[in-house]
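Open your viewer and get your selection tool ready. We will walk through a handful of stops together, picking one selection at a time.

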Amino acid sequence: MTTVEERRAADEAVEERLAPAWEESGGIRGWFTTVDHKKIGRRYMVTAAFFFVAAGLEAMVMRTQLAGARLDVVSPELYNQLFTLHGTTMIFFFSTPMLFGFGNYLMPLMIGARDMAFPRLNAFGYWVFAAAGLLMTGSLLFGAAPNGGWFAYVPLNEEQYLPGVGMDVYCLGLLLLGISTTGGAINFIVTALTMRAPGMSLNRVPLFVWAVVVQSFMIVFALPPLNVANLFLFLDRRYGFHFFDPSEGGDPILWQHLFWLFGHPDVYIIVLPALGIVSAIVPTFSRRPLAAYPLVVLATVTTGVISFGVWVHHMFATGLPQLSLSFFSAASLIVTVPSGIQVFSWLITIMLGRLVVRTPMLWVLGFLVVFVAGGVTGVMFAVVPFDQQTTDSYFVVAHFHYVLFGGAVFPIIAGIYYWFGKFTGRMLSERLGRWSFWVVFAGFNVTFFPMHVLGLLGMPRRVYTYEPELGWAGWNLVETIGAYVLLVGLSLILYDIVRALRRGPAAPDNPWGGETLEWATTSPPKEYNFPVVPTVHSLHPMWDEKSLASMARDRDDDERTLTDGKQALRTSDLDGVPEHPVALPRESVLPLVVALGLAAPTFALVLGAPLVAAVSALLLPAGLFVWHWPRAARQEAEAARSRDAAPAGADA
Amino acid sequence: MTALPAAATDPAAAAREVPAGRRPGWWGMVLALVTDVAAFAALLAAYFYIRFVTAGDNWPPGDIAEPKLLKAWIMTALLLASSAPLVFADHGIKNGRRGRMLAGVGVTVLLGVAFLVVQGLEYREKLTVEFTPQTNAYGSLFFAITGFHGLHVIVGVLALLVILVAGLAGRITHRHHAIVRITGLYWHTVGAVWVFIFGSLYLAAQL
């Protein structure tokens, strides 16, 4: 039996040799130069949470406006900005970045690596995301927020119908964000492919990591159509191009194809890693391994593939040929099969295990109920006649809130409760957690369930008010009350987080008895994560004596401690066989400089100053030049010189 | 002799039956190119959508003539030819022949610049005589697609210039030359993408 004390002793033996190479600057300087995946991951989560609060408050204003018929809380113009920004922010600046934060923090820990494959790219991605989010959310303060709906249909969003800077903010903000997201996705894939701990062959990769990898592959293929669409729209609006202009040979439907070719995969880009969180939590609290692990992996991959063949179900009402409607209807029905496999895997794991309901698991159980309800209405939309009746009604709004709030926000909160101790070294309160769950669960259903009814009664989405004689006021009032309950529940979580950060109890290394490698590190982990790189012997390294023992046994093995500088271990792509150490870059201000080289021109273009944009864009090649300037040969020569200069054995 | 056979015959490598030593940077470039090619695919898909679904029989639309081919053939020849010296440079530096690398990269840069010059001439002719991006959707697509590709060639030329400078400064050796291989991957892909653009925008437009 390997005791925690033995591992601690082994860790301490190597720590003093590792610490100097991995130390980063503190204070303001460290703020701008860090490349540590844990700090960057935390930043992603905090920044995304900030955008969640902003977009949530926007929704509260909308719900207040809709509480009764013919209310006058906000103007129609402001309401347009609110619903556009709410959707855009929640989809692009909260969900994906929040899950990128989890991925950034957890993926290297779960695969037993010391950092991501490209730490500086990681830092760069964060800065670009933060700049894009600042542009998007900040525009509301100047009354210049996007105002044409989060999927920006043309011709409405062409310049002559929607003048002003709002939709330019949308196009450029999303293009900027696209660069960050793509870089992050590539980083995740390469990390999972090349940096796994020895012995972690593909059939021992935790499901959360699989989910992030599939998500990343989807991003690699799905973001280009969105970026092309936004580039086209921006050129149409600002420079008089005619991509979507039917009077000059363009086509508005082209926008819809390009947007939804990204847009439907994006639903799974958001949901898959959230399902990965669920797959990480369920085994821990069922006290047994996940049922049908290979099937769940295959289901995750299959979902990713099929989701590229269903985008037209967002366009059933645009008058496309019957045959293509049938094809996409069938594809949309089939995509439910892999999702079903995942749901049944969790249910069977719970059934066959010994369920322990703590706060994270409570959120997962709530997720199961809500997500399945959203899935059922999703199947209804795959049926063409039903879709044509309810499209653009509140039924759609109800459906995607069940899927996205239920399928992403519930697991994210479950994940926060599950890993908070690892992230911060403090535990959240079990009692406040349970209270917040029940208040949110109630508030959520009271807010969003009546939207199904209102949709069937014919209430269209995106209206800033309605006439009293339509009889919608009662349900709307119920929804608004639900929204305030939801606000109270979510505020409880925020209070719990602030309270725990100030005086929460210290977190043990493995508070829940989890199975994956992040629980082998201290809470919070050291800069280098693992003093001794673990050797993995099963899918459940923390439940398996041989894997645990490797971390104590190998403390004298230089090939597992890698104390010769800031190093990580490159292992083979498929089998996780150790190949050689790779040097990781030290902290650097370059990611920030290059990100500024992208962000400054974007802001300048929005403000209509192309000259400033051109000049500030020069930062980009300059920064990239310094970034990629080859240094290895010179460093090697210098190291060889200093070895020759020192007398033999002097440094022993 | 070269690094590759040693890596393949090494007992440890033979035992795990996988090619050893793909660098993270190599994989990173492969994935960046995958997403980049997907962007070109989206652009070309938009082009064919407008041509076949929206426009109908008259293509190019209005009184725009079919694109002339002479300059485009020259551009194609220049860009395809430019890949060979880069392969030569890559093999050269792997064997420690710095001169070969510098010569190969230098020739590639010249051919890339020549491509850009011919593209500039073609743009001047089109913009002054035939059509602009603001003329109609065809013009918008033509300049967006070829312009996006031209930007890729400019980035490639800049990256190759960095290699040239670094090579002259002795920063690229037979042990550290991943930058040549990875930039080559980018350059060859940009060349291959041009073949599709040439086929779609120039050749297929004659039909």
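Which side chain meets A:Arg570 in a salt bridge? Select A:Arg570 together with A:Asp573: their side chains form the salt bridge, with an N to O distance of 3.0 Å. Keep in mind as you look around that this is a predicted model. Color the pair by accessibility and you will find that A:Arg570 and A:Asp573 are both buried.

**Another salt bridge in chain A**

Next, select A:Lys38 and A:Asp36. These two form a salt bridge as well, and their closest N and O atoms are 3.2 Å apart. Are these residues buried or exposed? A:Lys38 has a relative accessible area of 4%, so it is buried. A:Asp36 comes to 6% relative accessibility and therefore counts as buried too. Over all chains, the structure holds 18 salt bridges.

**Across to chain B**

Now move to chain B and select B:Glu125 and B:Lys71. Their side chains meet in a salt bridge of 2.7 Å, N to O. To see what this pair connects, show helix α5 of chain B (residues 98-130), which carries B:Glu125, and helix α4 of chain B (residues 70-94), which carries B:Lys71. The pair links distant parts of the chain, with the two residues 54 apart. B:Glu125 is partly exposed, because its relative accessibility is 27% and the buried class ends under 20%. B:Lys71, with a relative accessible area of 23%, is partly exposed as well.

Widen the selection to B:Lys68, B:Lys71, B:Glu122, B:Glu125, B:Lys126 and B:Glu130. You are now looking at a network of salt bridges that links these residues.

**Where the chains meet**

Bring both chains into view and select the residues in contact between them: 44 on chain A and 39 on chain B. The area buried between chain A and chain B is about 3500 Å², and carbon and sulfur atoms give 70% of it. How many salt bridges are there between chain A and chain B? The count is 0. Polar contacts do occur there, with 7 residue pairs between chain A and chain B, both partners at pLDDT 80 or more.

For the side of chain A that touches chain B, try highlighting these elements of chain A, each of which gives two or more residues: α6 (166-194), α7 (207-239), α8 (252-286), β2 (578-583), α21 (619-628) and α22 (632-645). Helix α7(A) provides the largest share, 8 residues. Color that side by residue class and you get 26 nonpolar, 9 polar and 9 charged residues.

**Two last stops in chain A**

Stay with chain A and zoom in on A:Ser279, found in helix α8. Its relative accessible area is 5%, so A:Ser279 is buried. What is A:Ser279 in contact with, apart from its neighbours within four places in sequence? Select A:Leu207, A:Leu290, A:Val296 and A:Trp346 to see these contacts.

Finish at A:Leu592, in helix α19 (residues 590-606) of chain A. At 16% relative accessibility, A:Leu592 counts as buried, because the cut-off is under 20%. Leaving out neighbours within four places in sequence, A:Leu592 is in contact with A:Phe32 and A:Trp127. Then add A:Arg120 and draw a line between the C-alpha atoms of A:Arg120 and A:Leu592: they are separated by 9.4 Å, although these positions lie 472 residues apart along the chain by count of places apart.

Terms used: Residues are numbered from 1 along each chain as its sequence is written. Chains are lettered from A and ligands numbered from 1 in the order in which they are written. Side-chain values use heavy atoms; hydrogens and water are left out. Contact means heavy atoms within 4.5 Å. Buried area is the accessible area (1.4 Å probe) that two parts lose on being put together, summed over both. A salt bridge is a side-chain nitrogen of Lys or Arg within 4 Å of a carboxyl oxygen of Asp or Glu. A polar contact is a pair of N or O atoms within 3.5 Å; within protein, one must be able to donate a hydrogen and the other to accept it, and residues adjacent in sequence count only if both atoms are side-chain atoms. Helices (H or I, at least four residues) and strands (E, at least two) are DSSP runs, numbered from the N terminus. Ala, Val, Leu, Ile, Met, Phe, Trp, Tyr, Cys and Pro count as nonpolar, Asp, Glu, Lys and Arg as charged, and the others, Gly among them, as polar. Buried means under 20% relative accessible area, exposed over 50%, partly exposed in between (1.4 Å probe, protein chains only).
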